[in-house]
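Me: Please take a close look at one part of this predicted model. I should like a connected account that starts from a single helix and follows its surroundings outward.

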Amino acid sequence: MADHPEARPYDESADATAAVDAALARAGIADKRVLLVMGANWCHDSRALAGWLAEPRFAAMLDAKYELVYVDVGYKDRNIDIAQRFGLDAIKGTPTVLVLSSGGALLNRRSAPKWRNAASREEDDIFAYFDEFSPEP
């Protein structure tokens, strides 16, 4: 039994580009950032992070600061153009988590690919990362 919640929000049939574009548009209007989670339902770390982000504590904080969008990357072979659009050459691990400005600037280039251990991270550490996020230099 997992000691973290799980969710399966990665829809392989979704129009990921349209979803990202819509999130950026909403973020611009609401003066928020975009939290772009690139993962897959087969990946326990992707499901774990999505599970935490759906918890009421996280959902309230995220709703105030971010437009959240999930993109299915298959076996790191689907929607890679979206990662490339924001400056990442490839998806090296799942999930890859991009924090974007409302204008589409990638704000966490160094830490974006470092979420593939999301299932083993502490709840409070995950919460603090997104709640206290400051752009990387």
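**A helix and its surroundings**

Reply: The buried residues of helix H3 (residues 56–65) pack against strand S1 (33–39), helix H2 (44–54), strand S2 (66–72) and helix H5 (123–131). These buried residues of H3 are Phe58, Met61 and Leu62. Viewed down the axis of H3, they fall within an arc of 95°, so they line one face of the helix. Pro56, Ala60, Asp63 and Ala64, on the other side of H3, are exposed. As the model is a predicted one, every statement here describes that prediction.

Phenylalanine 58 deserves attention among the buried residues of H3. Its relative accessible area is 0%, and it is therefore buried. The structure holds 9 aromatic pairs. In one of them, the ring centres of tryptophan 52 and phenylalanine 58 are 6.0 Å apart and the planes stand at 35°, so the pair is tilted. A pair of aromatic rings is described by the distance of the centres and the angle of the planes. Tryptophan 52 counts as buried too, because its relative accessibility is 9%, under the 20% limit.

A pair with another geometry is formed by tyrosine 129 and phenylalanine 130, which are edge-to-face, with 4.9 Å from centre to centre and 85° between the planes. Phenylalanine 130 has 1% relative accessibility and so counts as buried. Both residues belong to a cluster in which ring pairs link Tyr66, Trp115, Tyr129, Phe130 and Phe133. Trp115 also has a charged partner: the charged end of arginine 121 sits over the ring of tryptophan 115, 3.8 Å from its centre. Arginine 57, a residue within the span of H3, lies over the face of phenylalanine 127 at 4.0 Å from the ring centre.

Tyrosine 129 leads on to a polar residue. Asparagine 108 lies in the loop between S3 and H5, and its relative accessibility of 0% is the reason why asparagine 108 counts as buried. The side chains of asparagine 108 and tyrosine 129 make a polar contact of 3.2 Å. Beyond residues up to four places away in sequence, asparagine 108 touches Val97, Leu98, Val99, Tyr129, Phe133 and Glu136.

The nonpolar interior comes next. In soluble globular proteins, nonpolar side chains tend to be buried together. The largest nonpolar core has 21 residues, of which Leu36 and Met38 touch the most other members. Two or more residues of this core come from each of H1, S1, S2, helix H4 (80–85) and strand S3 (96–100). H1 gives the most, with 5 residues. Apart from this core lies another, of 20 residues, among them Phe58, Trp115, Ile126 and Phe133. Phe58 of H3 is thus a member of that other core.

Leucine 36 and valine 20 show how the parts of the chain meet. Leaving aside neighbours within four places in sequence, leucine 36 is in contact with Val20, Val69, Val71, Ile82, Phe86, Thr96, Val97, Leu98 and Leu100. Valine 20 is placed in helix H1 (residues 16–30) and counts as buried because its relative accessibility is 0%. With the same neighbours in sequence left aside, the contacts of valine 20 are Leu36, Val69, Val71, Ile82, Arg85 and Phe86. Valine 20 and leucine 36 are 16 residues apart along the chain, and their C-alpha atoms are separated by 7.7 Å.

Some points of backbone geometry complete the account. Most residues other than glycine have a negative phi, and most peptide bonds are trans. Threonine 94 and proline 95, however, are joined by a cis peptide bond with omega at about -5°. Proline 95 is placed in the loop between H4 and S3. In the loop between S2 and H4 lies lysine 76, whose phi is near 65°, a positive value in a residue other than glycine. Lysine 76 has a relative accessible area of 37% and is therefore partly exposed. Asparagine 79 is found in the loop between S2 and H4 and has a positive phi of about 60°, although it is not a glycine.

How values were computed:
Residues are numbered from 1 along each chain as its sequence is written. This is a predicted model: local features need pLDDT of at least 70, side-chain atom pairs count only at pLDDT 80 or more; totals for chains, interfaces and linings use all residues. Side-chain values use heavy atoms; hydrogens and water are left out. Helices (H or I, at least four residues) and strands (E, at least two) are DSSP runs, numbered from the N terminus. Buried means under 20% relative accessible area, exposed over 50%, partly exposed in between (1.4 Å probe, protein chains only). Contact means heavy atoms within 4.5 Å. Rings of Phe, Tyr and Trp (its six-membered ring) pair if their centres lie within 6.5 Å; planes under 30 degrees apart count as stacked, over 60 as edge-to-face and the rest as tilted. A charge sits over a ring if NZ of Lys or CZ of Arg is within 6 Å of the ring centre and within 35 degrees of the ring normal. The arc is that of the directions from the helix axis to the C-beta atoms. A nonpolar core is a set of buried Ala, Val, Leu, Ile, Met, Phe, Trp, Tyr and Cys residues joined through side-chain atoms within 4.5 Å. A polar contact is a pair of N or O atoms within 3.5 Å; within protein, one must be able to donate a hydrogen and the other to accept it, and residues adjacent in sequence count only if both atoms are side-chain atoms.
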